Amino acid sequence: MRVFTTIKQVQRFLRKAREQRNSIGLVPTMGALHEGHLALVEKSLKENHVTVCSVFVNPIQFNNAQDLKAYPRSLRSDLSKLRKWGCQVVFAPSEIEMYPEKERISSISFGEVEKILEGEFRPGHFAGVATVVSKLFNIVNPDKAYFGLKDLQQCFVIDQLVKEFSFPVKLRFIKTVREKSGLAVSSRNKRLTFEEREAAISIYKALKTAGKIMIESGSIARGRTAAKKIIEDNNLLNLEYFEVINPESFKKISRITKEKEIAICTAVYAGNVRLIDNLMVKLS
Ligand code: AMP
């Protein structure tokens with residue numbers, strides 16, 4: 001496995017790989033790797049000759065300095081996992097390598113989608129994500145790039161980004177990996193106490209309950225009420241949002257009309273750890 005920390009080095013290596021007609025898959029991550037990341041890496045390994053996993057905690061996508069500081073960092077153990085998984089290339093740049101200029105001179109905006117859910121509660125988050133992903137696309141020039149559906153709105157935004165700027169990359173979205181309990185695997189789970197982790201299991205329970213009620217009754221309101229109760233009944237959990245969207249348009253919906261599929265999205269604090277999850281529900 002080759003590990004690069006500078007843009008020049010990784011580009012030189014990938015130029016050669018491309019000259020030898022190797023296809024390149026990119027898996028962008030912020031490290032603290034887990035089974036969710038593994039699913040992305042595995043898919044890329046299957047579909048490409050060379051898989052590049054980037055490990056970079058992107059400061060400009062955090063709107064909260066405390067959250068950035070508390071974000072788990074574990075490059076040594078990440079590298080040993082990636083080696084074990086069979087990843088060929090790691091790109092782990094420093095902050096100064098990615099952002100040599102202190103000031104940002106561009107900011108990508110996404111219109112309406114940026115004003116709801118993650119966009120509403122994390123102002124500037126998607127502009128930061130779009131910047132780092134654009135940079136990684138330019139640096140690595142991958143044939144395919146892999147993202148997790150756990151971050152459903154991020155997948156939508158990156159799809160828009162690729163279309164807007166005609167990045168020559170195929171996007172692959174990978175289904176959420178969960179623990180046996182249903183809890184979505186996340187780097188942030190590492191920060192949960194035992195009790196908070198137990199409580200966090202209710203997030204998926206709430207999504208499932210809401211989905212079932214919405215299918216049976218056709219009522220979003222009823223599903224939401226039941227789900228909110230599950231979360232709010234647990235005093236270690238604090239609900240930030242619980243919304244239903246049309247995954248095609250990423251617009252909020254309050255009534256099911258012609259939708260064939262809906263996505264139920266939520267953000268919940270377990271103690272002071274912010275967790276997000278979603279469930280896609282087929283209606284017919
Ligand atoms: P992160 O390191 O949290 O920025 O995540 C890097 C990539 O892994 C993103 O595309 C995430 O959506 C994806 N990811 C994170 N958790 C999971 C999971 N439980 N299942 C599938 N993909 C995930």
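# Exercises on a predicted model

A32 lies in the loop between β2 (24-29) and α2 (35-47). The model is predicted, and the exercises below are worked from it.

**Exercise 1.** Describe the backbone and the burial of A32, then do likewise for N141.

*Solution.*
Step 1. Take the backbone angle of A32: phi is positive, about 50°, although A32 is not a glycine.
Step 2. Set this against the general rule. Most residues other than glycine have a negative phi.
Step 3. Check burial. The relative accessible area of A32 is 0%; buried means under 20%, so A32 is buried.
Step 4. Turn to N141, in the loop between α7 (125-140) and β5 (144-148). N141 is not a glycine either, and its phi is positive at about 50°.
Step 5. The relative accessible area of N141 is 35%. Partly exposed covers values between 20% and 50%, so N141 is partly exposed.

**Exercise 2.** Find which polar atoms of H37, G148 and V185 lie by the ligand, and state how much of the ligand the protein covers.

*Solution.*
Step 1. There are 17 residues around the ligand; M30, G148, D151, V177 and V185 come nearest.
Step 2. Look at the ligand oxygens. A polar side-chain atom of H37 is 2.9 Å from an oxygen atom of the ligand, and a polar backbone atom of G148 is 2.9 Å from a ligand oxygen atom.
Step 3. Look at the ligand nitrogens. One nitrogen atom of the ligand lies 2.8 Å from a backbone N or O atom of V185.
Step 4. Consider coverage. On its own the ligand has 480 Å² of accessible area, and the protein covers 93% of this.

**Exercise 3.** Compare the span of α9 with the expected value and list what its buried residues pack against.

*Solution.*
Step 1. Helix α9 (residues 194-217) has 24 residues.
Step 2. From first C-alpha to last, α9 reaches 36 Å, close to the 34 Å expected at 1.5 Å a residue.
Step 3. Buried residues of α9 include E196, I201, Y204, L207 and M214.
Step 4. The buried residues of α9 pack against α10 (220-232), β7 (237-246), β9 (261-270) and β10 (273-282).
Step 5. Just after α9, G218 has a positive phi of about 70°.

**Exercise 4.** Work out the strand order of the sheet that holds β7 and β9 and identify its edges.

*Solution.*
Step 1. The open sheet has four strands, ordered β8-β7-β9-β10, with antiparallel pairing.
Step 2. β8 (251-252) and β10 each have a single partner strand, so one side of each is left without a neighbour in the sheet.
Step 3. β7 and β9 run antiparallel and are joined by eight bridges; I245 has A263 in β9 as its bridge partner.

Key
Residues are numbered from 1 along each chain as its sequence is written. This is a predicted model: local features need pLDDT of at least 70, side-chain atom pairs count only at pLDDT 80 or more; totals for chains, interfaces and linings use all residues. Side-chain values use heavy atoms; hydrogens and water are left out. Helices (H or I, at least four residues) and strands (E, at least two) are DSSP runs, numbered from the N terminus. The expected span of a helix is 1.5 Å times one less than its number of residues. Buried means under 20% relative accessible area, exposed over 50%, partly exposed in between (1.4 Å probe, protein chains only). Contact means heavy atoms within 4.5 Å. A residue is near a molecule or strand if one of its heavy atoms lies within 4 Å of it. A polar contact is a pair of N or O atoms within 3.5 Å; within protein, one must be able to donate a hydrogen and the other to accept it, and residues adjacent in sequence count only if both atoms are side-chain atoms. Accessible areas come from the Shrake-Rupley method with a 1.4 Å probe; for residues, only the protein chains shown count as cover. Two strands pair if DSSP finds at least two bridges between them.
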